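Reader: I've got a model open on my screen and I'd like to learn how to read it. Could you take me through a few features?

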Amino acid sequence: MAAAGFRHTALLRSDGTAVAFGCNRFGQCEIPAVSGGVAYTQVAAGFGHTVLLRSNGTAAACGNNHSGECDIPSTDEGVTFTHVAAGGGHTILLRSDGKAVARGKNRPPSSTIVLSHRPPPPPPPPPPPPPSSSLSTLFHPHPSLSSSSPAARLPHVTSLLLLRAPPPASPVPVHALIAGLVSRLPPPALPRSLPALPPRL
């Protein structure tokens, strides 16, 4: 496992020890030694400090402690640290009881642990209101359909499926339509008397 800070790098070795190299202005590369069968299991690097997790559930930090980022807090009896993380000027540690603690720079609030959760899903929409009595008498399953038929399993729609539209009227020829219109016209008015014809020469 490896972690890179601003100007230094920390490496976790297979024998449980850790080494760091790079800028050591604040002592961030001076990894504390482990003994008594205890090994390092995690490492994190911040801007100028290094945080390490031990196999016994404790944590260690070295380097810049201007804002208290290397002040590892104590835990309750039976509670250990499980994960470590390092930011620019702060440190976050996750505990075995599911809680998290933070130390270091808090401007802007980087050391304030906020427990958040996903909001619950919105409730399902209410069911539609039942149909009125007048509609329920019109749209009901047809008695001739069995309960196993697909149409009988569609409430308030079966009767609509049984209704048949009237067949379309056959088209009327154009000449028959004109003849019908002409037959409805009134006859032309004739003059009562014909004008006298001029004498024939």
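Author: We'll go through a sheet, a buried side chain, two hairpins and a surface patch. Keep in mind that this is a predicted model.

Reader: Let's start with the sheet. In what order do strands S4, S5 and S6 sit?

Author: To read a sheet, follow the strands from one edge to the other. Here the order is S4-S5-S6, the sheet is open and the pairing is antiparallel. Strand S4 (40-45) and strand S6 (59-63) have a single partner strand each, so they are the edges, and one side of each has no neighbour in the sheet. On average, neighbouring strands here are turned by 20° against each other, ignoring direction.

Reader: How many bridges hold S5 and S6 together?

Author: Five bridges, with S5 covering residues 49-54 and the pairing antiparallel. If you want one pair to click on, Leu53 has Ala59 in S6 as its bridge partner.

Reader: Now His49. Is that residue buried or exposed?

Author: For this you look at relative accessible area, and under 20% means buried. His49 comes out at 0%, so it counts as buried. You'll find His49 in strand S5.

Reader: And what does the side chain of His49 contact?

Author: Thr91: the two side chains are joined by a polar contact of 3.0 Å. Thr91 also takes us to the next strands, since Ala86 stands opposite Thr91 in S8.

Reader: Okay, how do S7 and S8 connect?

Author: For a hairpin, check the pairing and then the link. Strand S7 (residues 81-86) and strand S8 (residues 90-95) run antiparallel and are joined by five bridges. The hairpin between S7 and S8 passes through three residues.

Reader: What comes after S8 in this part, and how many residues are in that hairpin?

Author: S8 and S9 make a hairpin with four residues between them, and in the turn Gly98 has a positive phi of about 90°. Strand S9 (residues 100-104) runs antiparallel to S8, again with five bridges. Leu93 pairs with Val101 in S9.

Reader: Last one, the surface. Which residues make the nonpolar patch?

Author: Look for nonpolar side chains that sit together on the outside. In this model Val174, Ile178, Val182 and Leu185 make a nonpolar surface patch of about 410 Å². Take Val182, which lies in helix H3 (residues 174-183). The cut-off for exposed is over 50%, and Val182 has a relative accessible area of 51%, so Val182 counts as exposed.

Conventions. Residues are numbered from 1 along each chain as its sequence is written. This is a predicted model: local features need pLDDT of at least 70, side-chain atom pairs count only at pLDDT 80 or more; totals for chains, interfaces and linings use all residues. Side-chain values use heavy atoms; hydrogens and water are left out. Two strands pair if DSSP finds at least two bridges between them. Axes are lines fitted to C-alpha atoms, for helices over the stretch in contact, and angles run from 0 to 180 degrees between N-to-C directions. Patches are made of residues with over 30% relative accessible area and no salt bridge: like charges are joined within 9 Å, nonpolar side chains (Val, Leu, Ile, Met, Phe, Trp, Tyr) within 5 Å. Accessible areas come from the Shrake-Rupley method with a 1.4 Å probe; for residues, only the protein chains shown count as cover. A salt bridge is a side-chain nitrogen of Lys or Arg within 4 Å of a carboxyl oxygen of Asp or Glu. Buried means under 20% relative accessible area, exposed over 50%, partly exposed in between (1.4 Å probe, protein chains only). A polar contact is a pair of N or O atoms within 3.5 Å; within protein, one must be able to donate a hydrogen and the other to accept it, and residues adjacent in sequence count only if both atoms are side-chain atoms.
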